[in-house]
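Colleague: I am new to this one. Could you walk me through it and explain the terms as we go?

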Amino acid sequence: MGVFAQALAPSAPAQQPAAEKLSAAGQLEADAKTRYALATYGSRLNEAQKKDLGRLIKEAVEPLEELRKYALKNGVQPATVLRLYPEPHALNALGERPGKRGGT
Amino acid sequence: MRNEGALFLPVAELAARIKSRALSPVDLTEFYLQRSETLGPRYNAYVTLTAERARAAAQRAEREIVAGHYRGPLHGIPYAAKDLLAVNGYPTTWGAAPFANQRFDYDATVIQKLDHAGAVLIGKAAMIELAGGMGYRFASASLTGPAKNPWNTNCWTCGSSSGSAAIVAAGLAPFAIGTETWGSILCPSSFCGITGLRPTFGRVSRWGAMALAYSMDKIGPLARTAEDAALVLEAIAGPDPKDRSSLPPGQAEFHSASGPPARPPRIGRLTNAWQKASPEIVAAADAALKVLEQHGCPIADVELPEGPWEDAGGVMVAVECASAFEDLIESGDVAKLTDPLGQINGYAYKQVSAADYLQALRVREILQEKIDTLFDKFDVIAAAGQPVTATTLETNLETDLSFADPLGGIGNLCGLPAIGVPCGFSSAGMPMGIQFLARVRNDAAVIATARLYQQHTEWHKRRPPIPD
């Protein structure tokens with residue numbers, strides 16, 4: 001979880017090396033993500049940063065594995081909302097935005 | 001103003017003196033400005049002092065009050081705002097070198113609301129770069145260097161509302177505005193021995209504030225007392241169509257109660273908030289709950305539900321932050337950040353899939369239901385503010401300040417209101433705190449609990465040793 005929760009106030013679970021906690025699939029995922037990240041951004045990084053980035057990506061896969069294990073029924077919706085736009089109060093009685101004309 | 005003790009008075013007392021015209025807003029502002037100019041650098045507390053704006057606002061307040069137009073308890077009261085809030089014409093740096101010269105030609109909604117209440121902005125408070133969104137390894141992760149704790153300048157204030165906490169603790173302003181996505185109000189208030197209020201998500205508009213994690217960012221006050229925090233919340237809360245997450249009219253507003261609550265709050269003492277906490281802090285938090293119990297609060301043990309809540313929260317912060325700072329990451333300008341972790345962490349954030357992000361959002365839905373059931377039995381749940389006291393400025397936060405924070409994860413993932421108040425001092429003389437959380441929209445419960453505690457204790461009146 002380290003890579004994520006180092007944000008903000010720096011609280012995160014005590015770490016053990018991520019590679020030891022990852023499943024075989026998780027290890028493959030981390031390796032693939034690291035290769036992709038280094039292919040995309042590696043030219044900007046020195047060798048120490050590249051190594052650190054690989055570690056961070058590995059540490060980020062571990063919480064993803066935990067998260068994916070959590071059983072969810074199909075009907076559980078994501079706790080985010082799409083607020084319809086525009087708001088009703090922004091429209092006139094004809095359902096048009098004042099000052100805007102329809103198609104020509 | 002000659003009495004420095006007045007500088008540490010709570011807003012409520014300063015307001016009474018201003019209202020009765022025993023205290024001049026111009027004098028008060030001038031004194032805090034001078035003090036901030038002199039002492040601010042000692043703590044790396046400010047990015048910018050807004051002296052010209054402050055003097056104009058203070059003179060306006062004085063004219064209005066003399067003319068009999070008293071706006072309310074913040075009228076003529078100086079304050080500082082975290083430097084991620086847009087203030088027309090002044091630099092708004094987000095604490096980060098790539099944005100050092102950024103300016104906006106408008107005020108954030110919170111600044112507008114405080115203007116309307118007659119409060120006097122005296123400066124922009126230092127902060128961790130990008131509010132810690134990219135991660136950070138050291139307290140020095142800021143455009144203005146490490147914020148130093150007024151109780152011991154070899155120690156850190158915590159982040160990311162670092163300057164806001166230092167300013168209030170050192171008596172450079174009676175209150176300051178901070179923000180929290182995960183811990184950034186509660187941790188600094190705990191480390192610095194002040195009161196920090198994290199309002200319910202959506203109660204305070206974020207328009208004009210730097211976005212870090214759209215579904216988790218909150219704005220709230222750091223102050224001397226819970227009563228002061230409530231006064232500030234009353235001024236800054238309210239619906240705002242410019243913030244898509246703003247609570248609707250009728251829900252967003254907050255009215256601070258002046259009397260005691262209808263009944264003593266029922267308190268759940270969390271037994272699994274921290275895996276390992278300093279024995280001194282555990283004892284202080286237990287003693288704080290004992291005080292509340294002695295004053296009529298029923299207290300029982302309770303556990304947080306188990307689940308991957310922190311993992312979900314972490315994924316959400318990472319993905320939303322990667323989106324908020326897409327340009328910074330893709331341009332490579334993240335390399336201009338101060339902290340070695342912040343310079344590369346965005347590249348790791350970008351490797352999270354949309355499916356994993358949605359999984360986190362769905363886990364949030366489950367968690368909201370689970371945590372809400374706790375509040376059928378309790379008005380508030382309580383735990384130590386932090387498991388440790390302030391760390392040294394040189395501490396490697398990634399390796400040496402790394403601990404599970406399920407309460408922070410749950411509280412922020414679900415947008416629960418929380419307050420942190422001081423509840424003692426360690427043997428090394430550093431502040432220790434306790435936090436209270438409540439059901440969404442029940443900010444009044446955390447404030448009432450903290451007020452009750454502060455009515456019967458003196459910890460919040462302690463002042464740090466500040467040499468001339």
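**Chain A, chain B and their contact**

Modeller: Happily! Chain A has 4 helices and 0 strands. This is a predicted model, where local features need pLDDT of at least 70 and side-chain atom pairs count only at pLDDT 80 or more, while totals for chains, interfaces and linings use all residues. Residues are numbered from 1 along each chain as its sequence is written, and chains are lettered from A and ligands numbered from 1 in the order in which they are written.

Colleague: What makes a stretch count as a helix or a strand?

Modeller: Helices are DSSP runs of H or I with at least four residues, and strands are runs of E with at least two, numbered from the N terminus. In sequence order, chain A reads α-α-α-α.

Colleague: How many residues of each chain take part in the contact?

Modeller: Chain B gives 53 residues and chain A gives 40, two residues being in contact if their C-beta atoms, placed from the backbone, lie within 7 Å. On the side of chain B that touches chain A, α12(B) supplies the largest share, 11 residues.

Colleague: What makes B:Leu367 buried?

Modeller: A residue is buried if 20 or more other C-beta atoms, placed from the backbone, lie within 10 Å of its own (exposed: 12 or fewer; partly exposed: in between). B:Leu367 is listed as buried in α12(B), so it meets that cut-off. The buried residues of α12(B) pack against several elements, including α4 (47-69) of chain A and α9 of chain B.

Colleague: And how much of chain A is buried?

Modeller: Of its 104 residues, 31% count as buried.
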